[in-house]
Amino acid sequence: MMTKILSAIHLGGRRIELSFSDGVTGVWDAEALLARSGPLLVPLRDQAFFERFFIDAGALCWPHGLEMSPDRLREQVKVTVHA
């Protein structure tokens with residue numbers, strides 16, 4: 001079964017709390033991604049543009065066409081535990 005992102009909440013800076021279809025919730029920090037080069041990453045360095053993320057078909061996306069794999073993000077999140 002493919003994991004999907006169900007919700008994404010901006011926490012400030014480059015951090016997004018992601019909830020996945022397998023029940024996991026965690027925080028993804030995009031700083032490591034933005035340290036890399038590539039034309040699709042340049043717009044994300046603008047904070048206002050970064051905050052325009054949305055979920056489409058279970059993936060984290062931005063208006064210029066960048067789509068982040070839910071499985072890859074699931075591997076990268078710092079899992080949060082809610083009491």
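**Strands, sheets and exposure, reasoned through**

Q: What stands opposite Ile16 in E3?

A: In this predicted model, the residue opposite Ile16 is Trp28 of E3.

Q: How do you know that E2 and E3 pair?

A: Pairing takes at least two bridges between the strands. Strand E2 (residues 15–20) and E3 share five bridges, in the antiparallel sense, so they qualify as paired. The hairpin they form has four residues between the strands, and there Gly23 takes a positive phi near 95°.

Q: What makes E3 and E7 count as paired strands?

A: Here the number of bridges is two, again antiparallel, with E7 covering residues 78–79. The requirement is at least two, so the pair is accepted. In residue terms, Val27 stands opposite Lys78, and Gly26 has Val79 as its bridge partner in E7.

Q: Why are E1 and E7 said to stand at the edges?

A: The sheet is an open one of four strands, in the order E1-E2-E3-E7 with antiparallel pairing. Strand E1 (5–12) and E7 each have a single partner strand, so each has one side without a neighbour in the sheet.

Q: What makes strand E3 "mostly covered"?

A: A residue is buried when its relative accessible area is under 20%. Four of the five residues of E3 (residues 25–29) are buried, hence the description "mostly covered".

Q: What is the order of the strands in the open sheet of three?

A: The order is E4-E5-E6, with antiparallel pairing. Strand E4 (54–56) and strand E6 (67–68) are the edge strands, each pairing on one side only.

Q: How do you know that E4 and E5 pair?

A: E4 and strand E5 (residues 59–61) are joined by three antiparallel bridges. At least two are needed, so the pairing holds. Within E5, Leu60 is the residue opposite Ile55.

Q: Why is Ala57 called exposed?

A: The word applies over 50% relative accessible area. Ala57 has 66%, so "exposed" is the right label. Ala57 sits in the loop between E4 and E5. Its phi is positive, at about 55°, although Ala57 is not a glycine.

Q: Why does Gln47 count as partly exposed?

A: Buried is under 20% and exposed is over 50%. Gln47, at 27% relative accessibility, falls in between, so it is partly exposed. Gln47 lies in helix H2 (residues 47–50). Residues up to four places away in sequence aside, Gln47 touches His10, Gly13 and Arg14. Its C-alpha atom is separated by 24 Å from that of Phe20, 27 residues apart along the chain.

Q: What makes Lys4 partly exposed?

A: Its relative accessible area is 41%. The partly exposed class lies between under 20% and over 50%, so Lys4 belongs there. Lys4 is found in the segment before E1.

Q: What does Lys4 contact, leaving aside its neighbours within four places in sequence?

A: Ser19, Phe20, Ser21, Gly58 and Pro70 are its contacts. Contact means heavy atoms within 4.5 Å, so each of these residues has a heavy atom within that distance of one in Lys4. As for Gly26, the C-alpha atoms of Lys4 and Gly26 are 13 Å apart, with their positions 22 residues apart in sequence.

Q: How many helices and strands does the chain have, and how do the elements run?

A: The secondary structure comes to three helices and seven strands. From the N terminus on, the elements run β-β-β-α-α-β-β-β-α-β.

Q: Why is the chain called as compact as a globular protein of that length?

A: The globule rule gives 12 Å for 83 residues, and the radius of gyration of the chain is 12 Å, close to that value, so the description fits. Taken along the principal axes, the C-alpha atoms fill a box of roughly 35 × 25 × 20 Å.

Q: What share of the residues counts as buried, and what share of the accessible surface belongs to carbon and sulfur atoms?

A: Of the 83 residues, 37% count as buried. The accessible surface is about 4,900 Å², and 54% of it belongs to carbon and sulfur atoms.

Q: How far apart are the mean positions of the positive and negative charges?

A: They are 4 Å apart, for 9 positive and 10 negative charges.

Key: Residues numbered from 1 in each chain as written. Predicted model: local features only at pLDDT ≥ 70, side-chain atom pairs only at ≥ 80, totals over all residues. Heavy atoms only, no water. Buried < 20%, exposed > 50% of the residue type's maximum accessible area, 1.4 Å probe, protein only. Rg over C-alpha atoms; globule rule 2.2 N^0.38 Å. Areas by Shrake-Rupley, 256 points an atom, 1.4 Å probe, with all protein chains shown as cover. Lys, Arg positive; Asp, Glu negative; His and termini not counted. Charge placed at Lys NZ, Arg CZ, Asp CG, Glu CD.
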